Amino acid sequence: MKDFMMIFVGKEYVDLGMSPEDLQSRMEKWFAWGAKMEKAGILKGGEALTPQIRRVTGKDRTVTDLTSAEVKEIVGGFYLIKAKDFDAVEEIAKDFPDYDLGNTVEIREIMVFDQ
């Protein structure tokens, strides 16, 4: 088994003007998806991220504060999971709750370095 990260990219809920009921429904879908992965013993961890962004760039370390409304899409969170290969993670990613919002799952394998 290998370690993978599923990175969730797209629009931020706060920018979509969702009702409290819509947000609750979304959260229930996320919790169910997470519980399904926990039950399968493949979920290693994960977190949602706030919409505030601070970028530090360039040789002069220029700092820019942004909000999710100022960027086209942001990383909204991630899950770390164990899986056989990319195909297995792709199958898991089919249950991602936010495809209908135009959001995306990016799958990356965790690189292992020899010590």
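I take helices and strands as DSSP runs, numbered from the N terminus. The model I am looking at is predicted.

**Entry: layout**

I counted the elements and found 2 helices and 6 strands in the protein. Read from the N terminus, their order is β-α-β-β-β-β-α-β. I then took the box along the principal axes; the C-alpha atoms fill roughly 45 × 40 × 20 Å. For contacts with a separation of 6 or more, I noted that 74% join residues 24 or more positions apart.

**Entry: R61**

I looked up R61 next and placed it in the loop between strand 3 (53-57) and strand 4 (62-66). Its phi is near 55°, a positive value in a residue other than glycine. Is R61 buried or exposed? The relative accessible area of R61 is 55%, so I entered it as exposed, the cut-off for that being over 50%.

**Entry: D98**

I found D98 in another loop, the one between helix 2 and strand 6 (104-109). D98 counts as buried because its relative accessibility is 3%, and the limit is under 20%. Which residues does D98 touch, leaving aside neighbours within four places in sequence? I listed Y13, R26, W30 and N103.

**Entry: nonpolar core**

I went through the largest nonpolar core, which has 18 residues. The members that touch the most others are M6, F8, W33, M37, Y79 and I81. Strand 1 (2-10), helix 1 (20-39), strand 5 (74-83) and helix 2 (86-93) each supply at least two residues of this core.

I followed M6 further, again leaving aside neighbours within four places in sequence. Its contacts include W33 and M37, then G77, F78, Y79 and I81. V89, I92 and A93 are also in contact with M6, as are V105, E106 and I107.

**Entry: surface and charge**

I noted an accessible surface of about 8,100 Å² for the protein, with 53% of it belonging to carbon and sulfur atoms. Buried residues make up 30% of the 115 residues. I tallied 16 positive and 22 negative side chains. The centres of these two sets lie 4 Å apart.

**Entry: record**

I checked UniProt, where an unreviewed entry places the feature "domain: YCII-related" at residues 21-113. In the model, the end C-alpha atoms of residues 21-113 lie 45 Å apart. I put this span down as 29% helix and 34% strand.

Conventions
Residues numbered from 1 in each chain as written. Predicted model: local features only at pLDDT ≥ 70, side-chain atom pairs only at ≥ 80, totals over all residues. Heavy atoms only, no water. Core = buried A, V, L, I, M, F, W, Y, C linked by side-chain atoms within 4.5 Å. Buried < 20%, exposed > 50% of the residue type's maximum accessible area, 1.4 Å probe, protein only. Helix = DSSP H or I, 4+ residues; strand = E, 2+ residues; numbered from the N terminus. Contact = heavy atoms within 4.5 Å. Areas by Shrake-Rupley, 256 points an atom, 1.4 Å probe, with all protein chains shown as cover. Lys, Arg positive; Asp, Glu negative; His and termini not counted. Charge placed at Lys NZ, Arg CZ, Asp CG, Glu CD. UniProt positions renumbered as here; feature names shortened; annotations may be inferred.
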